[in-house]
Structure formats: C-alpha cells, structure tokens
Amino acid sequence: MTSTEQTDVLVIGSGFGGAIAAYHLAAGGAKVVVLERGPWLTADEFDQDFEIGKSFTRIFDFTLGEGMSLLSGNCVGGGSVVYFATMPRAPKFVFERQGSIGRRMWPASVTRESLDPWYDRVSEALPVTMTSWDEVPYAGGLWAAACNHAGRTANPVPSAVDVSMCTNCNWMMAGCKFDAKRSLLLNYLPGAISHGAEIRPLHEVQYLSRNDDGGYRVHYSTVDEVDYRVHHTSGTIDAKIVILAAGAGATPVILQRSEETLGAMPHAVGRYFSGNGERLNTAVMNEDRVRDVLGLSRENGLAYAANQIGRGPVVATWDHLDANLPEYERFSLEQLYFPPGLGTILAQVPDAEGPSWFGVEKKELMRQWPSWLTIFTMSEDDNEGVFGPPPPTGNANRISQQMLGQGALTYRPTKNTRRGWDLSDAEVREILEKDGLSRVMPWTNDVVGAYTVHPLSSCRIGDDPETSALDERHELRNHPGIFVTDGSAVPGALTVNPALTIAALAERAMPGIVRAARERGVAVTYVGSLPGADAGQATRTPSLDLV
Amino acid sequence: MTLEAYADTIVPGERRTPDDRAIAGVSVGGGAVASGAVELLELPGSGLGEMLEGFMAMLNGHAEEYAAEQSLTLDESVPAFVALPFPDRTALVVRLTAQDHPEKGVWIGLAMFSNMAFDSAAHMPTLDALAAGHPGLLTIGYLKPEPDGVWRFPRFSYGRALSQLHPHTTATGSPA
Ligand SMILES: Cc1cc2nc3c(=O)[nH]c(=O)nc-3n(C[C@H](O)[C@H](O)[C@H](O)COP(=O)(O)OP(=O)(O)OC[C@H]3O[C@@H](n4cnc5c(N)ncnc54)[C@H](O)[C@@H]3O)c2cc1C
C-alpha cells in the first residue's frame with residue numbers, strides 16, 4: 001500500500017495564481033507543495049528552435065475546443081514562461097461591467113482603486129516598467145505611426161521585460177533564454193523555494209476528495225517527460241487547504257472531475273468562460289506606402305519588413321477604452337507577434353477567389369510574411385464558454401505527444417461578442433488601410449474557432465452564488481478550504497492583457513487565505529513581503545521526485 | 001502519395017519531376033511536400049503516425065464519391081485523391097474542413113501539420129533547415145541567426161516617438 005504524504009498547503013499549477021500563493025504561504029511558515037503538470041526548464045534549456053520536442057512544444061499547450069481554442073503554458077512558471085510580458089492594468093470601467101448577467105459581475109469590494117495597491121506590489125516584484133519609444137521595436141513603431149496618421153493615439157505598454165537584456169529575438173513563446181523576460185522563474189517561485197516550498201514538475205492533478213478531518217486528498221499522476229499522453233504512476237497528498245491555480249482551461253475541469261468525490265459543485269464551475277474577447281487581424285503592409293505615407297525607414301533602405309524582429313505586443317491604442325461607450329463596444333488594439341507554426345495558418349487572403357486560409361493564394365500571401373503586421377483585439381465578450389464532461393485525465397484528450405489536445409470547451413459567440421469583434425475589425429481596417437498602407441483581414445474562426453491566449457472566468461469570484469463559483473475571498477462555495485487564485489477567478493474579459501490583473505487578485509486574496517489556513521490549524525502568518533533578494537534563478541531541488 | 005497530394009493542396013509547390021503525380025505543380029518554389037510535411041506527420045511527436053493510413057483511405061473514399069458526383073472519370077493507376085485535378089482537390093478539402101463536416105477535426109489537423117512543415121520545418125532543427133535552404137523558411141523570408149546560431153537583432157527600433165499618447169494614461173503607463 002502506498003502511503004499518503006501530508007502537507008499544510010497543496011498548490012495545483014505554478015503560473016501566476018499558483019506561484020504567488022506558494023510564495024506567501026511558504027514565506028508565512030506553511031509547508032507548501034506545488035504540483036505542476038509540465039516540465040521544469042531554465043534559461044539554458046529554452047531553445048530557439050521550431051523542431052517538435054524542443055522547448056517550444058514542451059512548455060506549451062494548444063487545446064482545441066468547439067468554437068474556441070486555447071493557448072497556455074505547460075511548465076513550471078505556467079503562462080509566465082511563454083507569455084509576452086505585456087502588463088497593463090485593467091481600465092476602471094471593466095470592474096463595473098455587467099456582462100451577460102445584467103448586474104455588476106465583480107464583487108462589490110473589487111474596483112480598480114481597491115486593486116491598485118495590489119497591482120503596485122506585483123509591478124514591484126516582477127518588476128513591471130514603462131517602455132520608452134526608443135525601446136519600441138519596429139512593428140510597434142509602425143502600429144503607433146499608423147494610429148497617429150489616422151488621428152488616433154497609441155501607447156507603449158508597460159512590460160515585464162528587462163529591455164537592457166532583451167535581444168529582440170521574438171522567441172518569447174519558447175521561453176526566454178536570456179532571462180530578459182521576468183517570468184515567475186525569477187521572482188515568486190525562487191522566493192517560495194527559499195522558504196521551503198517544494199515544486200514537483202510532471203505531476204498532473206486529476207481530482208480531489210475530502211478527508212474526515214475536513215482537509216482534502218489530492219490525487220495526481222506523473223507524466224512522461226517526452227510523451228505527455230503517457231502517465232507512469234499515481235499518488236495522493238493530504239493537505240489542510242488546497243489552492244487551485246491550473247489556469248482557466250484546467251481548474252474547472254479538475255473540479256468537475258471531483259464532483260463524484262466532493263459532491264455537487266457550484267453552478268458556475270465550468271461556466272461563464274471568457275476568451276477575453278480576443279480577435280486577430282493580419283495586415284500585409286505595402287512597404288512603399290509605409291515609407292511614403294508614414295515616413296518610416298530603417299537600416300539598409302528598408303521601410304518595415306520586420307515582422308520577425310522584436311518582442312510581442314509593445315504598442316496599443318486605447319482610444320476605445322472609453323467608459324462612456326456602451327458595453328461590448330469597448331476594446332483595445334495591440335500589435336502582436338506570432339511565430340510561424342502557430343501564427344500563419346489562420347491568416348486569410350484579402351479578396352481571395354479560392355479558399356482564403358490555404359491553397360495557392362495563401363502561399364503567395366506567405367511570401368510577404370516579413371511585411372505582415374498582426375493586430376490583436378481584446379474586447380468585451382459575453383462569458384459564453386461552457387465546459388462539457390471532463391476527459392479521462394487532465395483537461396484535454398492529448399493528440400500529439402506534446403502541445404496539441406482536444407478539450408471539452410464549447411464557445412458560441414453571442415451577438416454582443418460578434419458586435420465587438422466587428423467594430424474592432426472595422427477600426428483596424430480604417431487605421432491600416434488608410435491611404436493604401438496595407439490590406440487587412442481578420443483571422444478565420446472557421447478552422448479552430450476563435451482563439452485565445454487569455455482564458456478567463458471559468459470559476460469566477462462574485463457576490464452572487466448563482467453566477468460565481470467563488471466568494472469574494474476566492475473560496476469555492478460549499479467547499480471550505482479550497483481556493484482558486486488563477487485566471488478562472490477573474491469575472492470577465494478585461495479589454496487588456498490579463499496577467500497583471502490575475503496576479504494582483506492573487507496578491508489581494510492572500511491575507512484572507514492565510515487567515516483561513518490558520519483557522520484550519522496551519523501555523524502560518526501573512527508576512528506581506530515580496531520576493532526580493534531571495535529570488536534568484538529558480539534552482540531545481542535535488543530531492544526532485546519524478547516517480 | 002495521397003498524403004503528399006493532401007499536403008500539396010494546403011501549401012502547393014512545384015513538381016519534383018515532370019511526371020510527378022502527387023504534386024499538382026500549381027505554384028513556383030517548394031510547397032508543403034518539399035518542406036517535409038510527410039516526414040513531420042510521420043514523426044512520433046505528431047501523434048498521428050499510426051492513423052495516417054486510415055485517414056488516407058478515408059480521403060480516397062471521399063475523392064471517389066466526389067468524382068462520381070461531379071461525373072469525373074479518374075485515372076485508376078493512382079489513388080483517387082491524387083487523380084483529382086488540383087481545383088477539385090481544393091474543392092474537396094474545402095468541403096472536408098467546413099464547419100459542419102463530421103470529420104473536420106482530422107482534415108484540419110492534417111492541414112495544420114502541413115502548414116507547419118512549410119512555415120517552420122518542425123520535423124528538423126531550425127538551424128539545419130535554414131542551412132539546407134528549407135523551401136518554406138526561404139519562401140517566408142525567415143531571417144537567419146547570428147554566427148553562433150542565436151537570434152539577436154541589435155537594430156530593432158525606429159527610435160523615436162511615433163504617436164500621441166492617450167490623454168488618460170496614468171503614471172504607471174496604464175489606461176485609467
Ligand atoms: C503566447 C502567450 C502570450 C501571452 N502574452 C501575455 C502578455 O503579454 N500579457 C499578459 O497579461 N498575458 C499574456 N498571456 C496570458 C498569460 O500567460 C495568462 O493569462 C496567465 O499565465 C494565466 O495565469 P494563471 O495563473 O491563470 O494560469 P497559468 O499561468 O496558465 O498556469 C497554470 C499552470 O497550471 C498547470 N496545470 C494545468 N493543469 C494542471 C493539472 N491538472 N495539474 C497540475 N498542474 C496543472 C499548467 O501547466 C500551468 O503551468 C499570454 C499567453 C500566451 C499563451
């Protein structure tokens with residue numbers, strides 16, 4: 001018989017929600033174990049390589065759903081390792097949104113004002129800094145110049161990249177081999193480890209059950225380090241409290257699978273999923289017009305042709321983030337980079353006579369790839385995503401050894417969501433087709449549905465038990481001692497990149513979670529420190545136990 | 001051969017020999033096949049290897065049905081999908097990848113891997129692909145790394161302010 005381990009706090013997932021919880025609870029004196037489904041890679045293992053099996057596929061997940069596909073991180077550090085580190089705060093009006101429920105969907109206690117101190121803390125810990133114009137890569141500069149030419153405004157966006165170390169290689173999605181990107185591997189996770197937290201990679205949590213003492217038993221299996229479809233062993237760990245932070249595509253699935261052992265879940269578990277209203281447009285820039293109309297030029301007589309150079313989204317226009325506009329008409333537009341392999345298949349040919357996303361004309365469009373400019377919409381969707389019955393393990397039926405899987409999410413965009421997309425498509429076109437600068441087409445939704453890198457809201461906080469799975473302290477309703485601190489807790493789309501808001505909410509939840517842990521007999525205090533001197537590179541512990 | 005013809009419908013290329021049957025030869029320069037689509041699909045990492053034969057049988061079945069419906073007579077010396085003229089291969093793929101087609105997932109999956117072979121040479125190390133003049137990476141104009149094999153772009157910025165900021169930008173650089 002295998003014995004069950006004991007810990008005070010068990011954290012599931014090591015992205016923003018998981019790492020922040022692990023740090024504060026460990027710093028406060030609790031025994032913390034983090035189970036993470038993906039591998040643990042450090043800077044020297046991040047490859048600039050598209051070959052299957054390199055870090056690009058090892059640390060990434062692409063989950064196909066019905067009407068919506070999700071991209072997320074799959075490694076220690078979660079989405080922070082693959083993300084672009086663009087870190088704006090959400091605008092004030094977001095917290096007043098009503099969305100599909102017809103009344104304010106955020107808890108009364110959460111406003112931009114009440115969240116600002118928590119935003120400040122995360123901004124200090126990573127850190128997040130402003131980007132200056134002379135650090136803005138060509139693509140962002142081009143987007144800014146086009147916005148300006150069309151009478152719009154544009155801003156360099158706050159970022160967690162240390163630009164003094166950045167080489168503008170645009171390989172951020174495979175992990176930053178220069179550690180210029182301030183992922184969680186450089187702050188909260190090493191901070192947690194220095195206070196005794198243990199991180200176990202390649203451990204996928206399947207479900208939870210309740211023990212007689214009111215604590216929980218966490219059931220996991222270990223994942224093969226090459227073929228993630230293969231699971232080797234299974235095990236259990238008992239904890240006084242459990243923090244779920246597996247991401248908005250996985251947290252509700254673990255809870256759904258736990259219904260058999262834990263009893264009924266709140267109605268909102270696995271419902272109200274939001275893709276952050278995301279939408280992509282690709283413009284094919286006319287190099288001559290970029291030179292003549294916008295007056296841009298770079299080395300060797302080129303005007304732009306710099307799609308490959310840079311570092312993800314750096315410049316956004318916030319002209320439509322206007323509190324006076326009706327809901328579903330507000331959005332931001334940000335320039336973005338997707339590497340080939342993921343970022344070309346969905347781009348469509350303007351005025352295609354044959355199929356628009358494959359075939360002869362599409363190949364011709366690919367010849368102009370260096371002159372592509374991709375624009376990313378983040379708008380107000382309708383929280384219309386719903387998760388169906390969970391797959392046998394994890395949150396997807398894995399198709400490939402790594403990266404690709406089929407999940408149970410269904411997303412049927414409502415009229416409201418489509419309206420926001422249409423308005424933003426029209427705005428992108430107005431800016432980028434002005435004076436013949438380019439031709440623009442949105443990415444097709446026909447191939448893999450809509451597409452999100454910002455899954456949110458599948459297990460959200462709120463004051464109303466009918467429409468929120470968590471109370472405003474992030475505790476799962478009717479299941480005391482289980483907390484959710486990741487993107488699934490965010491009530492709705494944010495109109496900007498979400499990681500800073502997810503992190504700020506996790507920071508905000510910590511004093512309450514520490515209190516709850518104390519009530520459950522854990523000797524822990526809320527210290528309120530931030531990872532600092534103790535947070536060098538997250539070194540892997542020699543005691544690492546994979547089987 | 002059928003798999004090649006499918007990949008060539010997604011990213012078409014030029015014929016390898018004048019009597020190449022799988023590649024329709026409707027585009028200048030290498031397409032998905034020359035870029036390694038079949039190699040990629042057959043790698044264990046793709047997870048599709050063992051199913052490919054079944055998929056191709058299904059595809060040829062669809063091609064036969066399509067030909068009957070369009071009153072096309074197919075050359076029986078090659079698989080049915082290969083025997084279809086390029087515009088008909090395209091029309092069939094449009095049908096198979098349509099929103100409401102029950103096998104859509106399969107055909108989209110194969111299309112994604114075909115495209116990936118072309119634009120990122122995912123079946124081999126990227127440095128080797130670039131050194132060997134991989135047709136897809138060449139077509140998209142993917143820039144080479146520095147001599148040590150690492151990508152760095154020391155010149156990356158127009159280096160000046162290019163727009164007015166939003167008037168309600170806060171001190172932290174975020175929207176208000
Ligand atoms: C390509 C890309 C670019 C992005 N760029 C930005 C950006 O510039 N700015 C921004 O704000 N946001 C960005 N994001 C989004 C950002 O990464 C996410 O919003 C954020 O990471 C979500 O944090 P989280 O804590 O909710 O979950 P995650 O960071 O996704 O962490 C969840 C973790 O849980 C693990 N896990 C899942 N299931 C299990 C299980 N069963 N057992 C154990 N572990 C499990 C996962 O492997 C993962 O590591 C980007 C995302 C992607 C994919």
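1. Contact is used here in the sense of heavy atoms lying within 4.5 Å of each other. In this predicted model, the buried residues of helix α1(B) pack in that sense against six helices of chain B, namely α2 (32–35), α3 (37–42), α4 (52–69), α5, α6 (86–96) and α7 (104–120). The helix is largely enclosed by the rest of the structure, because 9 of its 9 residues are buried; among them are Thr2(B), Glu4(B), Tyr6(B), Asp8(B) and Ile10(B).

2. One aromatic pair adds detail to the surroundings of this helix. A search of all chains gives 22 aromatic pairs, and in one of these the rings of Phe50(A) and Phe56(A) stand with their centres 5.7 Å apart and their planes at 65°, an angle over 60 degrees, so the pair is edge-to-face. Phe50(A) is buried at a relative accessible area of 3%, and Phe56(A) is likewise buried, at 5%. In chain B, Tyr6(B) and Phe81(B) make a tilted pair, with 6.3 Å from centre to centre and 40° between the planes. This pair joins distant parts of the chain, since Tyr6(B) belongs to helix α1 (residues 2–10) and Phe81(B) to helix α5 (residues 80–83), 75 residues apart. Both Tyr6(B) and Phe81(B) are buried.

3. The aromatic residues also group across the two chains: one cluster is formed by Phe50(A), Phe56(A), Phe60(A), Trp171(A), Tyr337(A) and Trp369(A) together with Tyr142(B) and Trp151(B). Elsewhere in chain A, two arginines are placed over ring faces. Arg298(A) lies over Tyr138(A) at 4.8 Å from the ring centre, and Arg460(A) lies over Tyr272(A) at 4.1 Å from the ring centre.

4. As to the interface, which residues of chain A lose the most area to chain B? The two chains bury about 5900 Å² between them, with 62% of that area on carbon and sulfur atoms. In chain A, the residues that lose the most are Ile52(A), Gln308(A) and Lys363(A), which together make up 11% of what that side buries. The contact involves 76 residues from chain A and 69 residues from chain B.

5. The polar character of the interface deserves its own point. The rule finds 0 salt bridges across the interface of chain A and chain B, whereas 36 residue pairs are found in polar contact there, both residues being at pLDDT 80 or more. On the side of chain A that touches chain B, α5 (138–149), β5 (155–156) and α10 (360–367) each supply at least two residues, and the largest share, 6 residues, comes from α5(A).

6. Within the whole structure, 37 salt bridges are found over all chains. Asp61(A) and Arg398(A) form one, with their closest N and O atoms 3.3 Å apart. The two partners are 337 residues apart, Asp61(A) being in strand β3 (residues 60–66) and Arg398(A) in strand β15 (residues 397–398) of chain A. Asp61(A) is buried, at a relative accessible area of 4%.

7. Asp120(A) and Arg89(A) meet in a salt bridge at 2.8 Å, N to O, and this pair spans 31 residues, from helix α4 (residues 112–125) for Asp120(A) to the loop between α3 (79–82) and α4 for Arg89(A). Asp120(A) is partly exposed at 41%, while Arg89(A) is buried at 5%. These two residues are linked with Arg112(A) and Asp116(A) in a network of salt bridges.

8. A further salt bridge joins Glu380(A) to Arg97(A), at 3.4 Å, N to O. Glu380(A) sits in the loop between β13 (372–379) and β14 (385–387), and Arg97(A) in the loop between α3 and α4, so the pair ties together parts of chain A that are 283 residues apart in sequence. Both Glu380(A) and Arg97(A) are buried.

9. Two other buried residues of chain A may be examined individually. Ser274(A), in the loop between α8 (259–262) and β10 (278–285), has a relative accessible area of 0%, and its side chain makes a polar contact of 2.9 Å with the side chain of Asp381(A). Leaving aside residues up to four places away in sequence, Ser274(A) also touches others, including Asn383(A), His454(A) and Gly492(A). His24(A), in helix α1 (residues 16–27) of chain A, is buried at 2% relative accessibility. With the same exclusion of residues up to four places away, His24(A) touches Arg121(A), Tyr188(A), Glu507(A), Met510(A), Tyr526(A) and Ser529(A).

Methods. Residues numbered from 1 in each chain as written. Chains lettered and ligands numbered in written order. Predicted model: local features only at pLDDT ≥ 70, side-chain atom pairs only at ≥ 80, totals over all residues. Heavy atoms only, no water. Phe/Tyr/Trp six-rings, centres within 6.5 Å; stacked < 30°, edge-to-face > 60°. Buried < 20%, exposed > 50% of the residue type's maximum accessible area, 1.4 Å probe, protein only. Helix = DSSP H or I, 4+ residues; strand = E, 2+ residues; numbered from the N terminus. Lys NZ or Arg CZ within 6 Å of the ring centre and 35° of its normal. Buried area = accessible area lost by both parts, 1.4 Å probe. Salt bridge = Lys/Arg side-chain N within 4 Å of Asp/Glu carboxyl O. Polar contact = N/O pair within 3.5 Å; in protein donor to acceptor, adjacent residues only side chain to side chain.
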